[in-house]
Amino acid sequence: MKVSCFYSGVNTTPESERVKALSEACLDRSYSKFFAVILAFFLIAFSGCASVSGKEALNDSKGSENSVEEFFLDNGIPVYVKANYSNRLVSVAVVNLGGSVLYEPEESGMELSLLRMMKSGSEKYSFEEIQNEKYRTHANLFGVCRNEGSYLGISCLDYYFDSLLDILADGLLHPVFNEKEFNTMLKEHAQRLQSMKSDPSSLAYYSGIEEIYKGHPYQTHPWPTEQSLKNITVENLKKLHEKFIDAQRMAIVVVGDVDAKKTVRKLNRYFGGIPAGKSDFSREEFFSGKTVPEVKVSGNNVVLSSPESAGTGFITGFFSFPSAASPDFAAAMIASDMYSDMLYQVVREKYGACYTPSCSQSFSLAALGVVNFYRISNLENILSYAAEARSLMAEGKLICGKKSDGEFVFEPVDSRLESYKNSFINRNYARQKTVSGVCEKMVDSLFLFGDPYTEDLISQQIHQLTANQVEDAFEKYFENGKVRYFCVTEPGSEGKIRF
């Protein structure tokens with residue numbers, strides 16, 4: 001078991017070059033001198049950190065909730081331990097990197113199904129025993145699957161950590177593929193697909209995802225599709241499990257009130273003997289930006305009909321959005337928040353054209369911006385109202401209120417920028433108030449950057465944003481970018497949509 005040094009948010013492995021690269025990209029965008037000073041401090045920390053022993057690191061980090069320690073199991077699996085002494089909770093996630101790029105479209109949902117089976121019984125623990133233990137300890141055993149990878153984890157009181165870790169490890173390494181639970185899972189998959197098709201809003205979104213990602217590595221989805229469901233068999237999941245347990249793809253995140261050294265020893269006993277190289281996966285290639293290209297939105301708008309949409313309509317529009325590693329990402333995130341508010345003020349408050357208009361984005365290596373119009377009452381004009389909101393913001397205007405005659409009162413982007421920055425940072429901070437939230441955030445950073453630290457730089461980028469950068473990002477991605485719309489309405493109303 002090898003130990004690297006302690007640091008506060010800075011990695012000493014080669015993957016930390018992404019931190020440096022992202023920081024340099026920020027400097028290229030004329031971020032403040034303060035950020036350059038912070039970067040210089042980080043680089044000094046890099047040079048001085050290597051001489052710190054693992055034992056000294058543990059002593060230095062005791063009581064520090066900004067610290068992360070990095071270890072390696074005997075087989076090279078990295079383990080990231082973040083102290084949190086605010087309560088007695090512990091959260092652990094065993095991460096598998098790669099995700100969609102390792103599968104064909106007809107294998108969509110396979111990894112998600114494997115995670116479900118890992119939670120549903122193992123050689124040592126039956127499904128009933130696992131459920132009873134979760135109930136007794138008030139613990140959570142969870143599995144999450146994304147385009148960039150997946151993870152199986154537990155959240156529990158430190159008192160029950162050893163017993164829950166044993167359940168987690170045995171499920172991950174020795175699932176038994178219980179027939180009853182497998183059949184239950186297939187029924188749940190089928191029900192979700194049916195629910196998606198019968199819900200007009202979901203139908204618009206998932207139809208769009210299917211079309212937008214055609215020919216892209218993310219054409220393979222984390223969830224099962226109608227085409228892939230028939231391929232989810234016990235035999236195929238067993239074959240997948242053999243490739244899935246691969247030290248080359250794995251990392252482990254631990255957050256909570258734990259003794260780091262003792263915890264890593266336990267993890268090494270469970271996972272330190274896993275061999276590497278069972279799948280065609282290279283961390284360096286995956287995070288180079290070549291494996292997962294940015295998605296380019298193109299193609300015609302699509303109108304679908306559904307009886308469930310009687311009396312209303314639903315529209316989802318997709319446009320290209322910068323990835324989290326892009327120097328435009330922070331500015332585009334703030335622009336998205338501003339535009340979402342503008343849509344609400346213009347489309348709903350001024351015209352009453354739909355119940356909820358909004359703008360959001362995916363947090364992904366191949367990100368998409370999404371505009372959504374939920375329960376539309378004016379199909380003929382709603383997109384022209386959205387264009388009005390977009391034009392106002394393109395002029396650098398934000399709505400801050402109304403006059404007595406109902407006319408909007410405007411403010412420039414610069415005057416409202418700090419409040420939007422604070423709102424974003426507060427949302428990000430709220431996620432870190434829980435042990436499980438911190439663990440999830442570190443895993444997200446692993447998926448996007450190959451380390452659990454770089455995502456923290458996004459808040460620093462937000463702090464340094466200027467109004468010009470936000471306006472430039474809005475012009476580039478929202479105003480000038482191609483938007484492809486997917487609409488679902490009741491039969492006979494398809495011709496009402498004006499794109």
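Colleague: In this predicted model, how are H4 and H9 oriented to each other, parallel or perpendicular?

Modeller: The axis of H4 and that of helix H9, residues 234–244, come within 10 Å and cross at roughly 90°. Angles from 65 to 115 degrees count as roughly perpendicular. The two helices H4 and H9 are therefore roughly perpendicular.

Colleague: Which residues of H9 make the contact with H4, and how many residues of this contact are nonpolar?

Modeller: On the H4 side, the contact is made by Met110, Glu111, Ser113, Leu114, Leu115, Met117 and Met118. H9 contributes Asn236, Leu237, Leu240, His241 and Phe244. By class, the contact of H4 with H9 has one charged residue, three polar residues and, as the number asked for, eight nonpolar residues.

Colleague: Which helix and which strand each supply at least two residues of the lining of the largest cavity?

Modeller: The search of the whole structure finds two cavities of 30 Å³ or more, and about 70 Å³ of space lies in the largest cavity. Of the 13 residues lining this cavity, the closest to its centre are Tyr103, Glu111, Cys145, His221 and Pro222. The lining has four nonpolar, six polar and three charged residues. The elements that each supply at least two of its residues are helix H4 (110–118) and strand S5 (140–146).

Colleague: S5 also pairs with a strand; which residue of S6 stands opposite Arg146?

Modeller: S5 and strand S6, residues 149–157, pair in the antiparallel sense over seven bridges. A hairpin of two residues joins S5 to S6. The residue that stands opposite Arg146 in S6 is Gly149.

Colleague: What is the class of the residues lining the second largest cavity, in numbers?

Modeller: The second largest cavity has a volume of about 60 Å³. Its lining consists of Phe319, Tyr339, Val371, Phe373, Arg390, Phe478, Val483 and Tyr485. By class, these residues divide into one charged, no polar and seven nonpolar.

Colleague: Val371 belongs to that lining; of which residue is Val371 the bridge partner?

Modeller: Strand S10 (residues 354–361) and strand S11 (residues 368–376) run antiparallel and are joined by seven bridges. A hairpin through six residues leads from S10 to S11. In S11, Val371 is the bridge partner of Cys359.

Colleague: Which strands stand at the edges of the open sheet, and why does each have one side without a neighbour?

Modeller: Five strands form the open sheet in the order S8-S14-S9-S11-S10, with mixed pairing. Each edge strand has a single partner strand, so one side of each is left without a neighbour in the sheet; the strands at the edges are S8 (302–305) and S10.

Colleague: By what angle are neighbouring strands of this sheet turned against each other on average?

Modeller: The sheet has the order S8-S14-S9-S11-S10. With direction ignored, its neighbouring strands are turned against each other on average by 10°.

Colleague: What is the bridge partner of Phe314 in S14, and what angle does H8 make with S9?

Modeller: Strand S9 (residues 313–320) and strand S14 (residues 484–489) pair in the antiparallel sense over six bridges. In S14, the bridge partner of Phe314 is Val488. H8 packs on the sheet and touches S8, S9, S11 and S14, its direction making with that of S9 an angle of about 30°.

Colleague: How does H7 lie relative to H8, parallel or perpendicular?

Modeller: The axes of helix H7 (residues 179–198) and helix H8 (residues 200–212) come within 5 Å and cross at roughly 100°. The crossing angle makes the arrangement of H7 and H8 roughly perpendicular.

Colleague: Which residues of H8 make the contact with H7?

Modeller: The residues of this contact divide into four nonpolar, two polar and one charged. H7 takes part through Met196, Lys197 and Ser198. From H8, the residues are Pro200, Ser202, Leu203 and Tyr206.

Colleague: In which helix does Arg416 lie, and what separates its C-alpha atom from that of Lys397?

Modeller: Arg416 lies in helix H14, residues 413–431. Leaving aside neighbours within four places in sequence, Arg416 is in contact with Leu398, Ile399, Cys400 and Glu411. Arg416 and Lys397 are 19 residues apart along the chain, and their C-alpha atoms are separated by 10.0 Å.

Key:
Residues numbered from 1 in each chain as written. Predicted model: local features only at pLDDT ≥ 70, side-chain atom pairs only at ≥ 80, totals over all residues. Heavy atoms only, no water. Axes fitted to C-alpha atoms, helices over the stretch in contact; angles between N-to-C directions. Helix = DSSP H or I, 4+ residues; strand = E, 2+ residues; numbered from the N terminus. Parallel < 35°, antiparallel > 145°, perpendicular 65-115°, else oblique. Contact = heavy atoms within 4.5 Å. Nonpolar A, V, L, I, M, F, W, Y, C, P; charged D, E, K, R; others polar. 1 Å grid on protein atoms, 1.4 Å probe; cavity = no way out; pocket = protein on both sides within 12 Å on 5 of 7 lines; lining within 4 Å. Points joined across faces, edges and corners; volume = space filled by probe spheres on them. Pairing = 2+ DSSP bridges.
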